[in-house]
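Q: I'd like to zoom in on one part of this protein and go through it slowly. Could you walk me through it once we have it in front of us?

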Amino acid sequence: MSPDRETPVTADPGETPPGTADAGMATDLTAAPEAAADVPPELVAQSLGQYLRAWWLKVRSGDSGVLPVLLAMVVVAVVFQIITPEHAFLRPSNLVYIFGLSTVYMVLAIAETVVLLIAEIDLSVGAVALIGGVIAFKLVQPGAGWPWWAAIVAALVCCGVFGALMGTLTARLRIPSFIVTLAGFLLFSGILIVVLGGADGSVNLNTSEFNQRVIYDLVQGVIPPVASWVLLAVLVGASGTATWLRAARRRRQGLVTPPQSVIAIRIVLMALVGAAVVAVCNINRGTALKQVQGVPWVIPIVLVVLAVWTLVLGRTRFGRYLYAVGGNPEAARRAGVSLAGIRTWAFALCSATAGLGGILLGAFFYGQYSTNTADPGQLVLYTVAAAVIGGVSLFGGRGKALHGVLGGLLIGGIAYGVSLLNLGSLSTPLQYILPGAVLLAAVAIDVLSRRGSGSVTRV
């Protein structure tokens with residue numbers, strides 16, 4: 001990292017002292033585009049027009065945010081819709097399947113984001129995720145008889161302990177995280193084969209038994225259509241109200257906030273996206289005799305994970321420390337941050353979150369942990385690709401939980417689209433080639449944007 005670039009440690013990135021966003025700064029945007037490009041739009045915009053101009057200056061300077069991944073989603077959807085006309089890539093049943101498959105990659109990408117923020121990497125995330133799923137499924141089997149909630153908690157705690165051990169080796173012994181987590185990947189992959197009794201082992205789910213049924217329904221269960229709309233209204237209402245009130249409170253305190261029109265647009269967009277998802281999920285995906293309608297439970301579960309990590313990263317001291325350590329560890333150390341402690345907790349929480357992703361993956365594939373459906377190597381590649389493609393920087397200090405969600409959705413769409421092509425032996429290579437090409441493009445954008453801002457680092 002650049003040693004002369006100081007990183008704020010205790011200040012919230014979203015808070016700015018009063019008086020920094022006066023009208024003069026807003027009118028000077030066009031006169032000094034280079035300086036304005038490094039300033040968040042909220043610091044200078046007093047209207048929607050000024051906000052959009054500032055945002056466009058940031059895009060031109062290389063800081064495009066989530067725009068590339070959104071455009072990539074559109075391209076992937078259009079291309080696969082055209083080249084798979086017999087399967088209709090965008091039909092409701094396919095979209096709901098993609099939602100379910102992508103939620104696994106979303107959770108794993110959120111987990112990987114935590115480690116990437118401190119400029120490290122976790123290559124064991126796929127194997128640890130599968131270990132977590134197997135632990136949860138084993139504990140609800142008749143021989144163990146654990147309650148479903150206790151089994152999930154035990155699985156997450158075990159995964160967290162595994163992550164803490166790897167984080168300790170990285171932080172305390174200064175062993176590169178690449179080596180430590182690669183060793184963890186090999187170790188846990190071998191343990192997984194032993195526990196499952198073979199590379200294509202499985203854990204049977206008896207859906208007539210309550211505790212097993214609950215875990216199964218985390219992905220396969222659906223919320224009835226009417227309840228789906230009610231839940232959407234509650235979520236949008238609560239989130240929109242909280243966003244609006246927080247902006248009003250900051251404005252009363254003299255802190256900088258986006259224009260009210262921008263906040264209103266964000267709330268409306270959130271409502272429209274939610275309504276589109278609910279409408280698609282409420283279309284009958286079954287037959288006339290057995291209808292399947294409703295939003296899968298896994299979607300609100302992932303939204304909860306997203307909300308929790310968004311709050312942790314953006315509203316807590318721990319989250320600010322993650323960004324500080326990833327942006328400039330020396331500056332963070334001088335400010336009193338325990339680098340070893342933050343790094344250890346980052347790996348622990350990464351593995352715990354990955355454990356939840358493994359539970360969802362097992363429920364999605366009915367407990368089948370085979371090399372064709374749950375290869376830990378492929379999971380690692382897709383997880384890192386999803387996080388970076390979504391907008392998380394490999395150099396640390398930049399990224400949000402939302403980026404993992406968007407990247408996971410794109411990876412899920414690519415994976416399912418390739419499976420619809422029916423190319424036989426070419427399908428598997430394409431499942432690696434296409435995400436790899438998109439990943440390379442995402443990293444190139446990240447490097448070029450940092451080079452344009454003078455903050456790229458050679459590692």
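Which residues form a nonpolar patch on the surface, and about how much accessible area do they have together? Please take a close look at that part and the helices around it.

A: Sure! One thing to keep in mind: this is a predicted model. The patch on the surface is made of L169, L173, I175, F178, I179, L182 and L186, and together these nonpolar residues have about 620 Å² of accessible area. If you want to know who contributes what, look at α8: the largest share of the patch, 4 residues, comes from there.

Now let's go to the loop. L173, one of the patch residues, has its place in the loop between α7 and α8. Is L173 buried or exposed? L173 is exposed, because its relative accessible area is 55% and anything over 50% gets that label.

R174 is found in that loop between α7 and α8 too. At 70% relative accessibility, R174 counts as exposed. There's also something to spot in its backbone: R174 isn't a glycine, yet its phi is positive, at about 60 degrees. Why point that out? Because most residues other than glycine have a negative phi. For another example, go to A119, which isn't a glycine either and has a phi near 65 degrees. A119 sits in another loop, the one between α5 (92-116) and α6 (125-139), and is partly exposed, with a relative accessible area of 27%.

Back to our two helices. What ties them together? Have a look at F162 and F188, which form an aromatic pair. Their ring centres are 4.9 Å apart, and with 35 degrees between the planes the pair is tilted. F162 lies in helix α7 (residues 148-172) and F188 in helix α8 (residues 177-196), so the pair ties together parts that are 26 residues apart in sequence. As for cover, F162 is partly exposed, with a relative accessible area of 22%, while F188 counts as buried at 8%. A search of the whole structure finds 5 aromatic pairs. Elsewhere, Y97, F364 and Y416 form one aromatic cluster.

Last stop: the cysteines. You won't find a disulfide here, as the structure holds 0 of them. Take C158: its nearest cysteine sulfur belongs to C159 and is 7.0 Å away, whereas a disulfide needs the two sulfur atoms within 2.5 Å. C158 is partly exposed, at 30% relative accessible area. C350, on the other hand, counts as buried, with 0% relative accessibility.

Definitions and conventions
Residues are numbered from 1 along each chain as its sequence is written. This is a predicted model: local features need pLDDT of at least 70, side-chain atom pairs count only at pLDDT 80 or more; totals for chains, interfaces and linings use all residues. Side-chain values use heavy atoms; hydrogens and water are left out. Rings of Phe, Tyr and Trp (its six-membered ring) pair if their centres lie within 6.5 Å; planes under 30 degrees apart count as stacked, over 60 as edge-to-face and the rest as tilted. Buried means under 20% relative accessible area, exposed over 50%, partly exposed in between (1.4 Å probe, protein chains only). Patches are made of residues with over 30% relative accessible area and no salt bridge: like charges are joined within 9 Å, nonpolar side chains (Val, Leu, Ile, Met, Phe, Trp, Tyr) within 5 Å. Accessible areas come from the Shrake-Rupley method with a 1.4 Å probe; for residues, only the protein chains shown count as cover. A salt bridge is a side-chain nitrogen of Lys or Arg within 4 Å of a carboxyl oxygen of Asp or Glu.
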